[in-house]
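Grab a pencil and let's work through some exercises together. Try each task yourself before you read its solution.

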Amino acid sequence: NYFQAKFPRDERFSKLTGDDVNFFKGVLGPSGVITAEEDADGVASYNTDWMKKYKGNGSLVLRPKTTEQVSEILKYANERKLAIVPQGGNTGLVGGSVPVFDEVVLSTALMSHIEEFDDVSGVVTCQAGVVLGNLESFLHPKGYTVPLDLGAKGSCHIGGNVATNAGGLRLLRYGSLHGNVLGVEAVLADGTIIDCASTLRKDNTGYDIKQLFIGSEGTLGIITKVVLLTPPKPQAVNVAFFGLRTFEDVKKLFTRTKQELGEILSAFEFVDRGSIELVVKHSKTGARDPFGDAYPFYVLIETSGSSKEHDEEKLNTFLEKLLGEEDSLICDGTVAQQTSQIQSLWSLRESVPESLQREGAVYKYDISIPLNKFYEIVEIMRERIGDKGNVVGYGHIGDSNLHLNISSPKFDPEVYSLIEPYVYEYTSKQRGSVSAEHGIGVMKPHVLHCSKSHAAIQLMKNVKKAMDPNGILNPYKVLPTHEEEKIN
Ligand code: FAD
Ligand code: MLT
Ligand code: ZN
């Protein structure tokens, strides 16, 4: 496997023994421990990521139910120098959630209790292992919703979302988790429980420690509890889908949409022709292009407001106005009226990652890039790759976040060498980010320097040392090794 680590196991870490397994069984009971010896298939699924691209060789999975159990596990692991990989729903896209070698997996699957909800403030407190979709189902009947939405919501955990600072489809409306997470409880590598599970919106009592855990990808502590500020569930949701001729027009449409639908706009998502073709090709539900003609670019606009008629009228008027204009920005457009139509349009966007997986090997790049250069890299890569692969672009225009994806029937080192390091160097030149929302994981520590200064990386390393002196938490992830730094 080409994506396997090209560096050796860190021999500072101990190898797991029978005594270790017995200790963990003592803490969690037999049902909280899965061993490769007793259940090889069970353990294998925790060693393989969603893309089936990264595979580890861990032989033990721990499934605690309480913060105290997480604390006991880490205290012991730290003393024994056993490396630990925190894992939520295992939907991460940079190989951060699975072992690289023989690390022990600590899964939050059984930490799935929603502890408290305040129906006046909308603040919810829950354990890290609550599945995002389940949290949404809990909140909806109460008139609230989650402030983030991802295609992976049926599997990803709120703890994993916080650990990756996941962005998703509605960041444009609700902002990032750095703003929506009011509190975090986490366990440090030595077992110390850090209770920053505040439910307050305002709390300027020195350093905002919880922010360190948001986006730290399991390298600084294990998140055990999350306090989230949830917004009211919108009364009215409408979706429109547009076909466009050029990317210039997509940008102009974004500006117009902000001006004319600003206060009800909740998503502005983009897919190119190649992405739609993949969705149609692999759809099991008969998904099809909503227009008779094929267009190079498509935009999905969602509005969320409090009055169905008002929002519907606003969106329809916007569509009519656009279509009626001379040199119209859009070639075609449709507004979904019913829930099933809304879902069909959303699935044209949300099914792109899964459709890509069915193509064979996928080379995935998640970059922030200024909108004036947003699509250029897709075109450059098409030139470079030629007929050796299929290059598609989709993503979150509202957040300047492009998902550049290239597929080939099977992994091809030549294709890979045409993509990397070119894509990262290009992104760096545009002062973009080599990871907009997926994180660094094991995929990108060697290119962290493309988006962060040497001094900032050194400070990250110092923070890591202070919080996890033995380096047992998610080793080989996020931070570059000395060797990688020497090369750069
Ligand atoms: P995992 O994959 O299990 O773990 C991710 C990282 O967080 C790992 O480094 C792991 O060690 C760490 N971690 C997990 N739980 C904890 C914890 N409790 N404490 C400390 N560290 C922890 N991402 C986006 O940002 N936007 C999207 O729109 C989006 N869409 C997606 C669509 C699909 C179909 C898929 C498969 C993935 C998508 N993702 C997206 C990526 C992924 O879903 C998110 O990163 C998600 O937040 C990961 O959550 P998880 O519970 O699956 O975490
Ligand atoms: C998305 O926006 O669909 C996700 O981030 C997943 C992906 O990039 O493939
Ligand atoms: Zn995304």
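Here are three exercises on this predicted model, each with a worked solution.

**Exercise 1. Work out how the buried and exposed residues of helix α14 are arranged.**

Step 1: Find the helix, which spans residues 376-385. Counting a residue as buried when 20 or more other C-beta atoms lie within 10 Å of its own, you get Ile377, Val378 and Met381.

Step 2: Look down the axis of α14. Its buried residues fall within an arc of 105°, so they line one face of the helix.

Step 3: Now check the face turned away from that buried side, where you'll find the exposed residues Glu379 and Glu383.

Step 4: See what the buried residues pack against: the strands β11, β15 and β16, plus the helices α15 and α16.

Step 5: Step just past the end of α14, and you meet Gly386, with a positive phi of about 55°.

**Exercise 2. List the residues around ligand 2 and sort them by class.**

Step 1: The residues to write down are Gly151, Val352, Pro353, Asp366 and His403.

Step 2: Sorting this shell gives 2 nonpolar, 2 polar and 1 charged residues.

**Exercise 3. Describe how domain 2 and domain 4 are placed and how they touch.**

Step 1: Get the bounds: domain 2 covers 114-229 and domain 4 covers 359-438.

Step 2: Take the centres over C-alpha atoms, and they turn out to be 30 Å apart.

Step 3: Count the contact residues, which are 5 from domain 2 and 7 from domain 4.

Step 4: Classify the domain 2 side of this contact: 3 nonpolar, 2 polar and no charged residues.

Note on methods
Residues numbered from 1 in each chain as written. Chains lettered and ligands numbered in written order. Predicted model: local features only at pLDDT ≥ 70, side-chain atom pairs only at ≥ 80, totals over all residues. Near = placed C-beta within 6 Å. Nonpolar A, V, L, I, M, F, W, Y, C, P; charged D, E, K, R; others polar. Buried ≥ 20, exposed ≤ 12 C-beta atoms within 10 Å, placed from the backbone. Helix = DSSP H or I, 4+ residues; strand = E, 2+ residues; numbered from the N terminus. Arc of directions from axis to C-beta. Contact = placed C-beta atoms within 7 Å. Domains from an automatic or database assignment.
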